[in-house]
Every structure is written in structure tokens, then in C-alpha cells.
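Please open the model in the viewer and set the display to a cartoon representation. The tour proceeds by selections, each followed by a description of what is found there.

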Amino acid sequence: MNYRAQTLEEIAKKGGTISSKNALVGFDGFVDKIIAVVDKRTGQGQAFSAIDTITEFANRIGAAAGRSTNIELFPRMEKLGGNGPIMANALLSAGMGVKYIGALGEPSIHPVFAEFAAKTNAVTVCDPGVTHALEFHDGKIMLGTMASLDLLTYPRIVQKMGEGAFLDALSRADLIALVNWTMIPNMTSIYNDLLDRALPNYGPREAGRTFFFDLADPEKRPLSDIQTVLGILKRFRAHGQVILGLNLKEALQVDAALGFSDPKTDPEGLKQMASRIRAAIDVTMVVIHPTDSAACATRDAAYWVQGSYCEKPLITTGAGDHFNAGFTTGAMLGMSPAACLTLAVTYSGYYVRTAKSPSLGDAANFIRNWA
């Protein structure tokens, strides 16, 4: 059976249980401004041609060295952003119960998060960051302001929420997704506080609780910081299964931080990279997702599936978060690793074409009509 047919069969058998699963997601929050970079303007409003590639944009900036230049940014949309909110929204669309804790606005929730906050019974801790996402056909450049995220700490979360309510939310969660380590300066401390102060209140629950981590492009963090957080992740295994999700760039960074060299990015190379990272940090599973495929490794085996690549996506900001939501949805349903990967590439594929999060039914239809 091929992996798409296998995934459809597993969705049909197991998808009905998704409403019984609960996720706790945190802790970031961004207002995303999706931007086109103007090349030539022929009139007002949207009467312009956009710079198509990052290389063209880089050349335009490079040509201004020693001189100056004026580059127009055209806002296409403003939406809720951040790894946590986007992933949580996608989990909601899958049919899972979701509780969100994060940077959604202070003293009141920012309007862009209002509907999301109501659906997730959200707790806001501080103001969100702001991301100007410059989108091109060959990638995106994320320009962020995030000083407010310095306020995201374990004591502040407990202060805003109440320790009893926070511990109760943790106890109810089948999935605990702790994402965007890179942009939250105190996230390593939050991880340690969870391990030392919160999780010891519960008994071991490896079979029934899953922790998901997304480092979110750690290039700007010192090597020692990356190595430290990788060493912490395995401690969560005393309290549940541990999944580390990485896009290809992040996987190459982590691979190098662990002392490996000469990585390959063909299907076998991706499986080998996922396997050696998993073994080195001793977690349950490592997932790697380039734009056109995905691989994962467990203790017993490694898997790879082809993605559904979109040459001209409607949106790319949030595609990785939808991949993560699809993968963890499959994990919550007890799907096989190959089916989890297939559901993950389906979620991201659907999202970049529609700018919407799919339901499980939407995902199944996408797989049936896979082109």
C-alpha cells in the first residue's frame, strides 16, 4: 500500500477520535504583516509588479551600498502570527480541543487575536511581537520586532494564569507544544521550570502525553545555547513522548551543532540525518521537512514521503506551523509515522494554496486529489 492510500485508511479508521484530544500550545504571539516588495509601480493600489525572488531583492539592496535607495513594501494582509498561534489554529481546524497561553496583547488582547483567543480560552501574558514577512517565490524574509517577548517567563505565566489553573491545563493536555525557542529569550528557563516545578506534580505518562518542540530557526543563537537546549529535551521523556520538528535549514544547523558533517539532503540522506539527530539527543522522534518532502526517525526506523510542492503559493508564512499541526494531529490519532508525515505535508500543501487551515475532511480530499 502506498503512503497516501495508507494515510486515507488511517484517517477513516482513527479520525473520529480527534475531538477527544486536547492540546496546550505556547508561548509566542506575533502580528504578521504579509508584504510584497514593489519592483515597478504603474498606478495606485495594487498596480505594480513585485520583486519575485530573494536574489533580485538582495541585488537591489546591494546596489545601494555607498548610495541610498527607496524600496516600497506593500501590505497584502495582516493576520495572527507566531509559531504557536498558527499551529494552534490549525489544530483547532483539525477538531482538537486547544488551550493557548502566550503573547497576545496587554492589557487587552490585540484585535488580530480576538477570535482565536475566544476559541482557545486563551491566556495572554504580554504584548505580541510584530513580523513583516517579505514573501518571494523562492522563500521569505521575516523582519521582526520582539522586545515584548522578553516578558515571557515561567513566573509571569503563573502570575497571569494562577498556578493551579496552569497545572490543571498541563494535566489535561494530551499534546503540549512548546514552540519558537529562538525568539523567546527565556524559553530555556521555561523548559527547566516546567521540568523542575510543574511536571513532577504528575506521574509518568509517556504513552498518553506528547511534547512537541520547534526551535524556529536558531541561527542567531550562540552554539552553546543550541547545544544546551538540545540536551534538555530528553528530560521531558520522563513525562511523555518527545518530538522535535525541524525544517531543513534548522536540521542542518542542529546537525552541525551536534558535531556531524557532510549532510545529504536526498531522501536517504534526510532519513539518516533525522536518525542521527534523534539518537544524539535521545528523544522519541525527530522530523525534518524541506519544502518538497519530509522525513522522520524513531528508535526503530526512518521514513520519507514526497510532498505536494506548490510552485506559486498563495501564502508561505505559516506553512511550517501547518506541517507541525498535521504531524502532531496524526500523532494524537495514533497514526503510523509515514501517515503522520503524509498528513503533515498535506496540511502545509493545503494551506499554501488556500491560506486556510484544513479540517481532517479537507486533508483527506486533498490526498485523494493529490496532483
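In this predicted model, begin with the open sheet of nine strands, whose pairing is mixed and whose order is 6-5-1-9-10-11-12-13-14. To find its borders, select residues 123-124, which form strand 6, and residues 302-306, which form strand 14. These are the edge strands, and each of them pairs on one side only.

Next, select strand 1, residues 22-27. Is this strand enclosed or open to the surroundings? Five of its six residues are buried, so strand 1 is largely enclosed by the rest of the structure.

Now add strand 5, residues 97-102. Strand 1 and strand 5 run parallel and are joined by six bridges. Label Asn-22 here: the residue opposite, in strand 5, is Gly-97.

Turn then to strand 9, residues 175-179. Strand 9 also runs parallel to strand 1, with four bridges joining the two. Which residue of strand 9 is the bridge partner of Gly-26? The partner is Leu-178.

Continue from strand 9 to strand 10, residues 210-214. Five bridges link strand 9 and strand 10 in the parallel sense. Within this pair, Ala-177 has Phe-212 of strand 10 as its bridge partner.

Finally, select helix 3, residues 83-94, and display its contacts with the sheet. Helix 3 packs on the sheet and touches strand 1, strand 5, strand 9 and strand 10. View helix 3 together with strand 5: their directions make an angle of about 170 degrees.

Technical notes
Residues numbered from 1 in each chain as written. Predicted model: local features only at pLDDT ≥ 70, side-chain atom pairs only at ≥ 80, totals over all residues. Heavy atoms only, no water. Pairing = 2+ DSSP bridges. Contact = heavy atoms within 4.5 Å. Axes fitted to C-alpha atoms, helices over the stretch in contact; angles between N-to-C directions. Buried < 20%, exposed > 50% of the residue type's maximum accessible area, 1.4 Å probe, protein only.
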